[in-house]
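Me: I want to go through this model by question and answer. Please keep the replies short.

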Amino acid sequence: MIEPGGLVWIVVSAAHSGVSFSPALFTPPPLDAGVLCGITFASLLAFFAFFGFEDLANVVEEAKSPQRNIPWAMALTLLITIVLYVLIAAISVSAVPPSILATSTAPLSLVFSTVAGVSPTTFSVIAIVSTLNTILAQMTMTARVVYGMAQQGDLPGIAGRVHSRTGTPLIATGLVMLAVAALALTSPLEVGPDDESGG
């Protein structure tokens with residue numbers, strides 16, 4: 001709830017502070033090559049942001065009434081996300097000049113502090129929680145992939161066992177956790193000066 005809560009907070013704050021973002025929602029863009037290229041590039045970024053919804057298919061076996069609930073879950077998730085993305089985009093360009101947004105290293109945090117009047121640190125905490133949640137979601141889905149491969153005989157059968165009470169692949173989850181921990185402790189997360197210079 002923290003992830004969408006942060007975005008809803010921006011929308012409510014913008015409406016409460018009187019930010020007029022309806023023109024950004026309903027005014028068509030000019031037929032200018034530069035503008036249209038920018039829209040196309042933003043659309044590609046949005047497309048990649050939607051990666052991950054298909055991971056819901058990996059938890060079908062653990063869902064109640066999956067034939068009904070999984071399609072509804074995917075459709076509602078996409079709809080809610082689209083609405084929030086469009087509103088946040090309109091509020092962003094209405095509350096902060098696009099030229100300033102373009103040069104900001106944390107544009108959404110800047111928009112948040114502008115419309116909500118709260119320290120950017122607050123939104124940074126929300127962003128950290130969101131990142132951790134995304135990592136946990138990917139680890140959960142990867143564990144289900146490992147479980148499925150073990151069930152098909154592509155991985156050792158022990159990874160295909162499920163817990164008798166929870167019905168979840170705890171061994172596969174543990175293996176993924178160990179792999180992620182090993183990679184996190186041994187692989188650099190940033191490119192250092194030596195790496196950039198080729199040294």
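Me: Is S92 buried or exposed?
Reply: This is a predicted model. S92 sits in helix α4. Its relative accessible area is 10%. Buried means under 20%, so S92 is buried.

Me: Which backbone oxygen lies 2.6 Å from a polar atom of the S92 side chain?
Reply: S92 touches L101, L108 and V111, not counting residues up to four places away in sequence. The 2.6 Å pair is a separate matter: its partner is the backbone oxygen of I88.

Me: Which residues does S109 touch, leaving out those up to four places away in sequence?
Reply: S109 belongs to helix α6. It is buried, with a relative accessible area of 11%. With residues up to four places away left out, S109 touches P120 and F123.

Me: Against which elements do the buried residues of α6 pack?
Reply: Helix α6 covers residues 107-116. Its buried residues are S109, V111, F112, S113 and V115. They pack against α1 (2-16), α4, α5 (98-103) and α7 (120-151).

Me: What phi does G117 take?
Reply: G117 comes just after α6. Its phi is positive, at about 65°.

Me: Which elements give two or more residues to the largest nonpolar core?
Reply: In soluble globular proteins, nonpolar side chains tend to be buried together. The largest nonpolar core here has 17 residues. I10, A14, F21, I91, V111 and V115 have the most contacts inside it. The elements that give two or more residues to this core are α1, α4, α6 and α7.

Me: How many residues are in the other core?
Reply: This core lies apart from the largest one. Among its residues are M139, V146, A150 and A159. Its count is eight residues.

Me: With which residues is V115 in contact, leaving aside neighbours within four places in sequence?
Reply: V115 is one of the buried residues of α6. It is also among those with the most contacts inside the largest nonpolar core. Beyond its neighbours within four places, V115 is in contact with I10, S13, A14, S17, V19, I91 and A95.

Me: Which element gives the largest share of the nonpolar patch?
Reply: L25, F26, L78, I82 and V86 make a nonpolar surface patch of about 450 Å². Both α2 (22-26) and α4 (66-95) supply at least two of these residues. The largest share, three residues, comes from α4.

Me: What is the relative accessible area of L78?
Reply: L78 is in helix α4. It is part of the nonpolar patch. L78 is partly exposed, and its relative accessible area is 34%.

How values were computed. Residues are numbered from 1 along each chain as its sequence is written. This is a predicted model: local features need pLDDT of at least 70, side-chain atom pairs count only at pLDDT 80 or more; totals for chains, interfaces and linings use all residues. Side-chain values use heavy atoms; hydrogens and water are left out. Patches are made of residues with over 30% relative accessible area and no salt bridge: like charges are joined within 9 Å, nonpolar side chains (Val, Leu, Ile, Met, Phe, Trp, Tyr) within 5 Å. Accessible areas come from the Shrake-Rupley method with a 1.4 Å probe; for residues, only the protein chains shown count as cover. A salt bridge is a side-chain nitrogen of Lys or Arg within 4 Å of a carboxyl oxygen of Asp or Glu. Helices (H or I, at least four residues) and strands (E, at least two) are DSSP runs, numbered from the N terminus. Buried means under 20% relative accessible area, exposed over 50%, partly exposed in between (1.4 Å probe, protein chains only). Contact means heavy atoms within 4.5 Å. A nonpolar core is a set of buried Ala, Val, Leu, Ile, Met, Phe, Trp, Tyr and Cys residues joined through side-chain atoms within 4.5 Å. A polar contact is a pair of N or O atoms within 3.5 Å; within protein, one must be able to donate a hydrogen and the other to accept it, and residues adjacent in sequence count only if both atoms are side-chain atoms.
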